[in-house]
Amino acid sequence: MADDTSLTEDQIDLAALNDDDLVAQMHDDIYDGLADEISEGVRILLDRGWEAQKVLNTALVEGMRIVGVDFRDGILFVPEVLMSANAMKAGMAVLQPLLSASNAPRIGKIVIGTVKGDIHDIGKNLVAMMMEGAGFEVVDLGINQSVDDYLAALEEHKPDILGMSALLTTTMPYMKAVIDALTEKGLRSDYIVLVGGAPVNQEFADAIGADGYGRDAATAVEIALEQMSHRQGSIIAADV
Ligand code: B1M
């Protein structure tokens with residue numbers, strides 16, 4: 001009798017699923033924190049000709065959105081959501097070379113980090129990858145960055161853009177503390193300040209004096225490019 005010994009009874013053959021069922025299964029696998037299955041699902045979709053961006057948004061980001069709803073409603077707890085985050089990161093690792101690959105000439109440099117008190121880094125990592133893909137040199141400071149950390153990094157790396165991410169309503173005001181510190185030191189106009197994260201919006205960005213707000217990673221790149229062209233335009237104008 002022919003028998004497929006490569007799969008145990010409760011394992012699903014992801015490659016045998018059609019696109020819609022595979023994406024639905026990947027949402028479940030993110031929910032259940034199954035990193036290996038997510039890496040495999042991402043590879044299958046790419047092999048089927050899906051664009052990296054479509055895999056990211058349809059399979060991964062949407063899966064995480066569902067996790068967020070049950071986290072909010074007290075159905076999922078921190079340890080489970082951490083596993084979901086690991087699964088999401090496993091999928092992002094497969095996509096990373098595609099999202100950050102760039103033939104574009106180096107456009108500028110961005111220093112990016114998640115603000116103090118906040119350890120969420122998935123969205124910030126995505127922004128960093130896509131900035132690289134657009135031709136930016138990216139210095140990723142990681143999470144939980146204090147005013148002093150940002151100032152030291154700006155001094156060391158001399159970027160064009162400072163990017164800050166915050167995922168908590170309690171940490172987003174910290175972005176203003178960083179901008180205020182730049183202003184106090186007379187450094188504010190040296191950098192384009194770009195902010196983002198789930199609770200942040202344009203109104204908040206305007207209120208704290210940021211130069212730009214990115215709703216998502218793709219928009220963040222658009223805004224960064226737009227701001228860079230203004231900046232380069234003004235540098236050229238000042239030179240003549
Ligand atoms: Co947290 N968490 N979490 N969490 N967590 C949220 C943010 C929350 C909305 C969940 C909920 O209640 N529905 C809620 C915040 C509520 C609020 O403040 N209003 C919340 C909470 C409460 C908490 C804790 C306080 C829970 C607790 O301990 N009781 C705790 C806080 C820890 C801390 O930071 N001090 C906590 C912990 C965690 C985990 C560690 C378990 C884990 C993080 C793991 C990690 O990041 N390595 C986690 C996760 C995973 C989430 C959710 C479920 C998913 C976040 C995510 O990765 N989304 C989240 C629910 C949600 O957001 N719906 C939630 C996917 C990602 C691609 O999207 O990060 O929004 P996002 O990034 C997007 C855009 O926002 C934008 O582009 C990205 C890509 O498109 N963007 C930028 C982001 N940064 C940008 C910067 C830019 C421009 C655009 O320019 C520089």
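Start with the ligand: select it together with its surroundings, and in this predicted model you will pick up 34 residues around it. The closest of them are I119, H120, D121, S165 and T169, so keep those five labelled as you go, given the 4 Å cut-off for being near.

Next, show the side chains of H120 and D121. H120 places a polar side-chain atom 2.8 Å from a nitrogen atom of the ligand. For D121, a polar side-chain atom likewise lies 2.8 Å from a ligand nitrogen atom. Now turn to A217 and display its backbone: here a backbone N or O atom is 3.2 Å from an oxygen atom of the ligand.

With those contacts on screen, add a surface of the protein. What kind of space does the ligand take? That space is the largest pocket.

Then colour by secondary structure and see where the shell around the ligand comes from. Helix 3 (52-72), helix 4 (78-100), helix 5 (122-133) and helix 9 (217-239) each supply at least two residues, as do strand 3 (161-165) and strand 4 (192-196). Which element gives the largest share? Select helix 4: its contribution is 5 residues. Recolour the shell by residue class, and the split is 18 nonpolar, 10 polar and 6 charged.

For a side trip, pick W50 and K54. The charged end of K54 sits over the ring of W50, 4.0 Å from the ring centre. If you go looking for aromatic pairs as well, the count is 0.

Finally, zoom out to the whole protein chain, with its 9 helices and 5 strands. Traced from the N terminus, the elements follow the order α-α-α-α-β-α-β-α-β-α-β-α-β-α. Along its principal axes, the C-alpha trace spans about 80 × 40 × 30 Å.

Terms used:
Residues numbered from 1 in each chain as written. Predicted model: local features only at pLDDT ≥ 70, side-chain atom pairs only at ≥ 80, totals over all residues. Heavy atoms only, no water. Polar contact = N/O pair within 3.5 Å; in protein donor to acceptor, adjacent residues only side chain to side chain. 1 Å grid on protein atoms, 1.4 Å probe; cavity = no way out; pocket = protein on both sides within 12 Å on 5 of 7 lines; lining within 4 Å. Sits in = over half its atoms within 2 Å of the grid points. Helix = DSSP H or I, 4+ residues; strand = E, 2+ residues; numbered from the N terminus. Nonpolar A, V, L, I, M, F, W, Y, C, P; charged D, E, K, R; others polar. Phe/Tyr/Trp six-rings, centres within 6.5 Å; stacked < 30°, edge-to-face > 60°. Lys NZ or Arg CZ within 6 Å of the ring centre and 35° of its normal.
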